[in-house]
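Got a minute to look at how the labels on a model are earned? Here it is.

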Amino acid sequence: MTAQSDGQLAYELDRAHVFHSWSAQATLDPMVVATAAGCEVELADGTRYLDFSSQLVNTNIGHQHPRVTAAIAEQAQVLTTIAPSYAVLPRGRAAAAIVAHAPAGFAKVFFTNGGADANENAIRMARQVTGRDKILSFYRSYHGNTGSAVVATGDWRRVPNEYARGHVHVFGPYLYRSEFWAATPEQECERALQHLERVLQSEGPSSVAAILLETIVGTGGILVPPAGYLAGVREIADRYGVLLILDEVMAGFGRTGTWFALDQHDVVPDLISFAKGVNSGYVPAGGVLISDAVAAHFDDKVFPGGLTYSGHPLAMAAIVATIGAMEDEKIVENAAHIGVDVLAPGLADLAERHVSVGDVRGTGVFWALELVADRTTRAPLPPAAMAGVKSELLARRLLPFVQDNRIHVVPPCIVTDEQVATALAVYDEVLTLVEAAL
């Protein structure tokens, strides 16, 4: 069969049999992807797109990295699968590689199949350790699509799925649209912390097991917390005997220009959930980094959790190869360089020249352009206009991550200066069109 006929068959089979997530099925018209390499994705018809979405912000090492694909193939020749109760070398090596980049005081990893069940099990651990039930999390958050994780989530996806108990939400810091009438980052930090503590007090501290936060809110807006906020949350948690879980599923493994986003803040949590960038999603994997104190709780008590594919050998081989490549090729350092030297000034320039850009925020290769119809009122660019933005970006062969009234600028950590320049030129052209329409 030709590539064109393969593409047609892929499309027909998809529309006939594949049920897609977060979608009304009858309206879908998916692009048919044939292959990908580095920061580019190639469709079945041969058209190439520059991937500035990293798919779901997970292909941190880029597509088809040869070291990682080779490691998966080599592992498949030796041991494709094994139950999690056995000790196998790839699992041990993967855990050791992850721990090597964790804060001091973390020696154990519980492996899951992705980020949602990583958060699910972190919540379970916190409840077991504290003997308490409630979990505090942000309204602007996304923690996954399993039972407790989706109820810990703050956005619209929580509402039709609220079957888990014991979840309470608070507003986190977001100076551009402050819930606290703040005028400075310092005010936003202080007032957001006061709000968090008052909610915790009102819920009854003895009923709260953990505070669960994305270190940097991802899908909810690339919301980098102001200086001192996470340290303040840690102090509040300690004051009331509450555990702190940091969700690094999207922000971890180079995305922010450091191995973990928490490395940029004065905070050490009790549990760290991760997935996505740990092996760029080449084989599904996630997990929970467990502090020594929490791990010790289960030395003589059974942990009531487990997964058939926990620590799957193919996923573990991909983790070892991904982290090794990141270290040897200085991929995390490249993400930091791109953030400081290319994206920060480039996006600031767009904001200066385009009235539709209300706010720019981010770090590493984790940025957002928040688009507005009016800078004075900060009214968000409406959905129809945002649909047009996405369409125009795609027309210029750029795969975007468009969420609400924002363009999330989230290329792989291996992106080059030249590729960023190409994307910035596309954003510039599309924003010009948007403003002409306004």
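What follows is a short back-and-forth on a predicted model.

Q: Why is the contact between Glu-40 and Arg-48 called a salt bridge?
A: The N to O distance between their side chains is 3.7 Å. The cut-off is within 4 Å for a Lys or Arg nitrogen and an Asp or Glu carboxyl oxygen, so the pair qualifies.

Q: What makes Arg-48 count as exposed, and what about Glu-40?
A: Exposed means over 50% relative accessible area, and partly exposed lies between 20% and that value. Arg-48 has 52%, so it counts as exposed. Glu-40 has 32%, so it is partly exposed.

Q: Why does the salt bridge of Asp-328 and Arg-67 tie together parts that are 261 residues apart in sequence?
A: Because Asp-328 lies in helix 10 (residues 313-328) and Arg-67 in helix 3 (residues 66-78). Their closest N and O atoms are 2.8 Å apart, which is within the 4 Å limit. Asp-328 is exposed at 54%, while Arg-67 is partly exposed at 36%.

Q: Are Asp-155 and Arg-157 buried or exposed?
A: Both are buried, meaning under 20% relative accessible area. They form a salt bridge too, with the closest N and O atoms 2.6 Å apart.

Q: What makes helix 5 mostly covered?
A: Twelve of its 16 residues are buried, among them Ala-118, Ile-123 and Arg-127.

Q: How do you know that the span of helix 5 is close to the expected one?
A: The expected span is 1.5 Å times one less than the number of residues. For the 16 residues of helix 5 (115-130) that gives 22 Å, and the helix reaches 23 Å from its first C-alpha to its last. Just after helix 5, Gly-131 has a positive phi of about 70°.

Q: Why are strand 4 and strand 6 said to stand at the edges of the sheet?
A: The open sheet has seven strands in the order 4-10-9-8-7-5-6, with mixed pairing. Strand 4 (106-112) and strand 6 (167-170) each have a single partner strand, so one side of each is left without a neighbour in the sheet.

Q: What makes strand 4 and strand 10 a pair?
A: Pairing takes at least two bridges, and these strands have six, in the antiparallel sense. Val-109 stands opposite Leu-289 in strand 10.

Q: How do you know that strand 1 and strand 2 pair?
A: Four bridges join strand 1 (residues 33-37) to strand 2 (residues 40-43), and at least two are needed, so they pair. The two strands form a hairpin with two residues between them, and Gly-38 in the turn has a positive phi of about 60°.

Note on methods
Residues are numbered from 1 along each chain as its sequence is written. This is a predicted model: local features need pLDDT of at least 70, side-chain atom pairs count only at pLDDT 80 or more; totals for chains, interfaces and linings use all residues. Side-chain values use heavy atoms; hydrogens and water are left out. Buried means under 20% relative accessible area, exposed over 50%, partly exposed in between (1.4 Å probe, protein chains only).
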